[in-house]
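Here is a briefing on a sheet, the helices that pack on it, and one strand residue. Look over the model before reading on.

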Amino acid sequence: MEEVQKVKDEAMQMMGLFQVLPRLVVFDLDYTLWPFYCECRSKRDTPSLFPHSRGILHALKDKGIDAAIASKSPTPDIAKTFLHKLSITSMFVSQEIFYTGTHKTDHFQKIHVKTGVPYNSMLFFDDDNNNIQGVSEMGVTSILVRKGVTLGAFREGLTKFYQNWNASKGKGKRHT
């Protein structure tokens, strides 16, 4: 638990550096929050998270920033069981866990309807570049992760979100 607190403290400090933060942070599950595919596991298994996932989730909660899930898992029952076993179910305002042929655009439309948060106020982490590209086209700041959500990926996401926010407000554009 000490490591979780350390990651949480660092994530909180990181968020303090930005004038604008996302209103909603959306996570994929498989190979983003945890290091496996749900469809390769059983409900009886004991799941684990990537090392920084829990601390980042707690930091978002303490900062008052909502979190959501967008997962294309073909086994939503296993995913939901694992969220419960990990005691993180209540940390998400929306859990869109269903298989689709689209690049999670359906998931984000449902998240938007449920939360009312505009796409340009969302930050998304996923390990699949096709999802990153598809969701980015909706106006969501999207970050590709290689080894799960880490503090480094979180910093990258906050930085890119802030840059996108400034650019969309005309502040980040060069005047020549």
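In which strand does Thr 141 lie? Thr 141 lies in β5. This is a predicted model: local features need pLDDT of at least 70, side-chain atom pairs count only at pLDDT 80 or more, and totals for chains, interfaces and linings use all residues. Residues are numbered from 1 along each chain as its sequence is written, and side-chain values use heavy atoms, without hydrogens and water.

**Sheet**
- An open sheet is formed by 5 strands (DSSP E runs of at least two residues, numbered from the N terminus).
- The strand order is β3-β2-β1-β4-β5, with parallel pairing (at least two DSSP bridges between two strands).
- β3 (92-97) and β5 (141-144) each have a single partner strand, so one side of each lacks a neighbour in the sheet.
- Strand β1 (residues 24-27) is joined to β4 (residues 122-126) by 4 bridges.
- Leu 24 stands opposite Met 122 in β4.

**Helices**
- Helices are DSSP H or I runs of at least four residues.
- Helix α3 (residues 76-85) lies across β2 (66-71) and β3.
- Helix α5 (residues 129-136) packs on the sheet and touches β4 and β5 (contact: heavy atoms within 4.5 Å).

**Thr 141**
- Thr 141 counts as buried, at 3% relative accessibility (buried: under 20% relative accessible area, 1.4 Å probe, protein chains only).
- Beyond its neighbours within four places in sequence, Thr 141 is in contact with residues including Met 122, Phe 124 and Phe 161.
- Gly 157 is 16 residues from Thr 141 in sequence and 7.4 Å away in space, C-alpha to C-alpha.

Note on methods: Axes fitted to C-alpha atoms, helices over the stretch in contact; angles between N-to-C directions. Buried < 20%, exposed > 50% of the residue type's maximum accessible area, 1.4 Å probe, protein only.
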